[in-house]
Amino acid sequence: PVLARYTAPFVSLRLSLKRMDPRTGFLRAWYLLWESFRQVHVNQTIPVELDFLAEALDAFPNDAQILLAAGSRHQLTWWMSLENAQRDPDSEPAAIRKFLMEARGYLRRSVKADAKEAEARLRLTNVLLELNDLEDVPGLLNDYNWTTEGPAFEYLARLFEGALHERRGNRPAAAAAYDRAIGLVPLPQTAQVARAHLAYLEGERPQAAAI
């Protein structure tokens with residue numbers, strides 16, 4: 001209801017900016033800011049008139065961050081879908097899986113537009129793992145110096161590396177990647193659970209319990 005009250009002013013502002021120049025740096029930043037607001041409030045109903053993503057893509061079709069925003073929107077829509085309780089692309093309806101495939105396309109374009117767009121690399125890796133589309137995952141993870149992005153990004157890279165090795169049946173390599181991830185951040189719950197599960201699969205139940 002609060003957003004509905006401001007729909008007309010927002011639309012008017014955007015139209016005024018477009019009339020001046022639809023491709024200004026200010027308008028680009030405004031699109032990104034507004035899209036980030038939408039994604040933070042993904043559980044709220046937002047008037048369709050306040051969805052400017054298609055417009056942003058039309059104005060900035062090769063902008064890595066605009067493409068990243070589009071990819072993350074579709075990835076988030078897939079994740080939050082009520083028809084996706086298992087979050088398993090192999091068992092969910094095709095209409096829901098489509099969001100993940102759309103995310104893959106936009107994120108690939110983002111990485112192509114800027115190979116240094118680290119978040120797009122991580123999101124694309126995550127999406128490819130979900131789709132079991134593994135061919136490009138090693139390059140996405142290995143062709144980048146994750147230490148330059150800080151421990152949180154490096155943690156995710158090592159976590160996804162472990163998932164890749166696990167999907168390919170290389171449990172020792174997966175364990176090593178999870179162990180590296182665990183040492184990077186103060187609260188590495190996901191990596192710990194993954195490492196414990198791996199130990200359990202290897203029959204190392206005391207170690208799994210300890211982890």
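Trainee: What pattern does the chain follow when you read along the sequence?

Mentor: This is a predicted model, so keep that in mind as we go. The chain has zero strands and twelve helices. Read from one end of the sequence to the other, the pattern is therefore α-α-α-α-α-α-α-α-α-α-α-α.

Trainee: And what are the spans of the C-alpha trace along its principal axes?

Mentor: Let's start with what lies on the outside: the accessible surface of the chain is about 11,700 Å², and carbon and sulfur atoms hold 55% of that surface. For the C-alpha trace, the spans along the principal axes are about 65 × 35 × 30 Å.

Trainee: What share of the residues in the chain is buried?

Mentor: Here's a related number to begin with: among contacts with a separation of 6 or more, 54% join residues 24 or more positions apart. As for burial, the chain has 211 residues, and the buried share is 43%.

Trainee: Let's look at H2. How far apart are its end C-alpha atoms, and why does that agree with its number of residues?

Mentor: Helix H2 covers residues 7–20, which makes 14 residues. At 1.5 Å a residue, H2 should span 20 Å. That agrees with the model, because the end C-alpha atoms of H2 are apart by 20 Å.

Trainee: Which residues of H2 are buried, and how wide an arc do they cover around the axis?

Mentor: The buried ones are Thr7, Val11, Arg14 and Leu17. They sit on the same side of H2, because the arc they cover around the axis is only 125°.

Trainee: Why would residues three or four places apart point the same way in a helix?

Mentor: Think about how an α-helix winds. Three or four places is about one turn, so such residues point the same way; the number of residues a turn is 3.6.

Trainee: Which exposed residues sit on the face of H2 turned away from its buried side?

Mentor: We've just seen the buried side of H2, with Val11 as one of its residues. Flip to the face turned away from it, and the exposed residues there are Ala8, Arg19 and Met20.

Trainee: Now H5. How many of its residues are buried?

Mentor: H5 has 17 residues that should span 24 Å, and its end C-alpha atoms are 24 Å apart, which agrees. Its buried residues include Ile66, Leu67, Gly71 and Trp78. H5 is largely enclosed by the rest of the structure, because of its 17 residues the number buried is twelve.

Trainee: What covers the buried residues of H5?

Mentor: Try His74, which is found in H5 and counts as buried because its relative accessibility is 16%, under the 20% cut-off. Leaving aside neighbours within four places in sequence, His74 is in contact with Phe99, Glu102, Ala103 and Tyr106. For H5 in general, the cover includes helices H3, H4, H6 and H7.

Trainee: Is Trp79 buried, partly exposed or exposed?

Mentor: Trp79 is found in helix H5 too, which runs over residues 64–80. Together with Val42 and Met80, Trp79 forms a nonpolar patch on the surface, with about 240 Å² of accessible area. Its relative accessibility is 39%, so Trp79 counts as partly exposed.

Trainee: On to salt bridges. How close are the closest N and O atoms of Glu119 and Arg123?

Mentor: A search of the whole structure finds 13 salt bridges. Glu119 and Arg123 both lie in helix H7, four residues apart, about one turn of the helix. Glu119 is partly exposed at 30%, and Arg123 is partly exposed at 26%. In their salt bridge, the closest N and O atoms are apart by 2.8 Å.

Trainee: Which residue of helix H10 meets Glu161 in a salt bridge?

Mentor: Glu161 also bridges to Arg158, at 2.6 Å, and both lie in helix H9, three residues apart. Glu161 is buried at 13%, and Arg158 is buried at 12%. The other bridge is 3.0 Å, N to O, and it links distant parts of the chain, 19 residues apart, with the partner in helix H10 being Arg180.

Trainee: Which residues are joined into one network by salt bridges that share partners?

Mentor: Arg180, which we just met, counts as partly exposed because its relative accessibility is 42%. The network is another set of residues, joined by salt bridges with shared partners: Arg104, Arg108, Asp133 and Asp136.

How values were computed: Residues numbered from 1 in each chain as written. Predicted model: local features only at pLDDT ≥ 70, side-chain atom pairs only at ≥ 80, totals over all residues. Heavy atoms only, no water. Helix = DSSP H or I, 4+ residues; strand = E, 2+ residues; numbered from the N terminus. Expected span 1.5 Å × (residues − 1). Buried < 20%, exposed > 50% of the residue type's maximum accessible area, 1.4 Å probe, protein only. Arc of directions from axis to C-beta. Patch = residues over 30% accessible without salt bridge, like charges linked within 9 Å, V, L, I, M, F, W, Y side chains within 5 Å. Areas by Shrake-Rupley, 256 points an atom, 1.4 Å probe, with all protein chains shown as cover. Salt bridge = Lys/Arg side-chain N within 4 Å of Asp/Glu carboxyl O. Contact = heavy atoms within 4.5 Å.
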